[in-house]
Amino acid sequence: VEVTVWANQAESFTGVAGDTIALKNARVNDYQGFKKLSVNQYDINPEVQAAKDLASWYQKNADSIRSTAKSISQGSSSFSSSNATTITYGTLKDLKEEVLSSQDDKGVCFKINAMVMFIKHDENAPLFYKASPTGSGHKVVENTTNPSNGKPWYCPGQNTYHDTYIPRLILSLTVADLTGSQFVNCFDDYAKIFIDCDARKIEELKNQSDKQELDNIFNSSLFKRHSLKIRAKEEPYGDERRLKCTIVHAEKLDYVQESNNLIKRINDLLHK
């Protein structure tokens with residue numbers, strides 16, 4: 001259990017590994033979906049029987065406890081923070097912990113098996129954007145800079161004009177695993193995997209105000225498990241920092257392959 005101690009209590013903290021600690025008035029806080037305890041009062045090695053029993057148990061099992069903790073740490077924290085393209089297999093909780101502890105602006109990247117719980121698709125959700133037909137993915141806007149050239153679309157990113165555009169999906173989802181849930185963004189190529197539909201069809205339905213069909217498409221995509229690669233980092237938002245997560249790869253979960261991966265990881269742990 002991770003505990004945060006504040007102000008003078010933090011400055012005067014003298015506990016070391018192996019000490020017992022009694023928390024008073026502990027409070028559970030939820031930071032970006034990750035629950036932590038915070039406390040203003042505590043006693044180190046209190047003179048109560050429960051604390052003495054716990055200290056005795058720890059002394060008898062200290063070696064095995066440290067060995068287990070080391071194995072877990074090595075298994076879940078192999079990410080190299082200097083390169084966000086390094087992939088670590090883990091959970092949403094692992095991802096959030098790594099982001100909070102990382103000092104790298106590039107963020108972290110985790111492979112996570114998760115279920116889609118919600119896809120935002122109300123009238124305020126963009127669902128798609130208009131992109132350059134060159135395939136660059138750059139956004140285009142209506143040509144108001146040089147309308148006399150007869151090209152209705154302008155790409156600011158490439159400073160080019162076009163006769164048409166390509167709609168590309170942009171989805172906001174909530175995904176969850178056994179450790180928690182997280183709001184994530186997903187773009188065209190991998191967004192199609194979730195809804196089995198391309199951006200052109202979504203644009204057509206939005207233009208027709210066909211809410212019923214849109215609901216059918218998005219609701220039928222819920223509660224399905226996928227194998228995801230998620231890049232995450234903290235970004236400033238007003239006076240605070242928020243966790244931004246983007247799906248950089250997605251595929252439907254292959255249960256046979258996943259079972260083989262889990263068996264291999266278990267065997268690796270057993271033979272360490």
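This passage describes a three-stranded sheet, the aromatic pairs and the cysteines of a predicted model.

Strands S9, S10 and S11 form an open sheet in that order, with antiparallel pairing. The edges are taken by S9 (141-142) and S11 (160-162); each has a single partner strand, so one side of each lacks a neighbour in the sheet. Strand S10, which spans residues 153-155, is joined to S11 by three bridges. Within this antiparallel arrangement, Trp153 stands opposite His162 of S11.

A search of the whole structure returned two aromatic pairs. In one of them, the ring centres of Trp153 and Tyr165 are 4.9 Å apart and the ring planes meet at 75°; because this angle is over 60 degrees, the pair is classed as edge-to-face. Trp153 belongs to strand S10, whereas Tyr165 lies in the loop between S11 and strand S12 (166-177), so the contact ties together parts that are 12 residues apart in sequence. Both Trp153 and Tyr165 are buried. The aromatic pair of Tyr154 and Tyr161 is tilted, with a centre-to-centre distance of 4.8 Å and an angle of 35° between the planes. Tyr154 has a relative accessibility of 13% and therefore counts as buried, while Tyr161, with a relative accessible area of 26%, is partly exposed.

The structure contains zero disulfides. Among its cysteines, Cys109 counts as buried because its relative accessibility is 1%. Cys245 is likewise counted as buried, at 2% relative accessibility. Both values fall under the 20% cut-off for buried residues.

Definitions and conventions. Residues numbered from 1 in each chain as written. Predicted model: local features only at pLDDT ≥ 70, side-chain atom pairs only at ≥ 80, totals over all residues. Heavy atoms only, no water. Disulfide = S-S within 2.5 Å. Buried < 20%, exposed > 50% of the residue type's maximum accessible area, 1.4 Å probe, protein only. Pairing = 2+ DSSP bridges. Helix = DSSP H or I, 4+ residues; strand = E, 2+ residues; numbered from the N terminus. Phe/Tyr/Trp six-rings, centres within 6.5 Å; stacked < 30°, edge-to-face > 60°.
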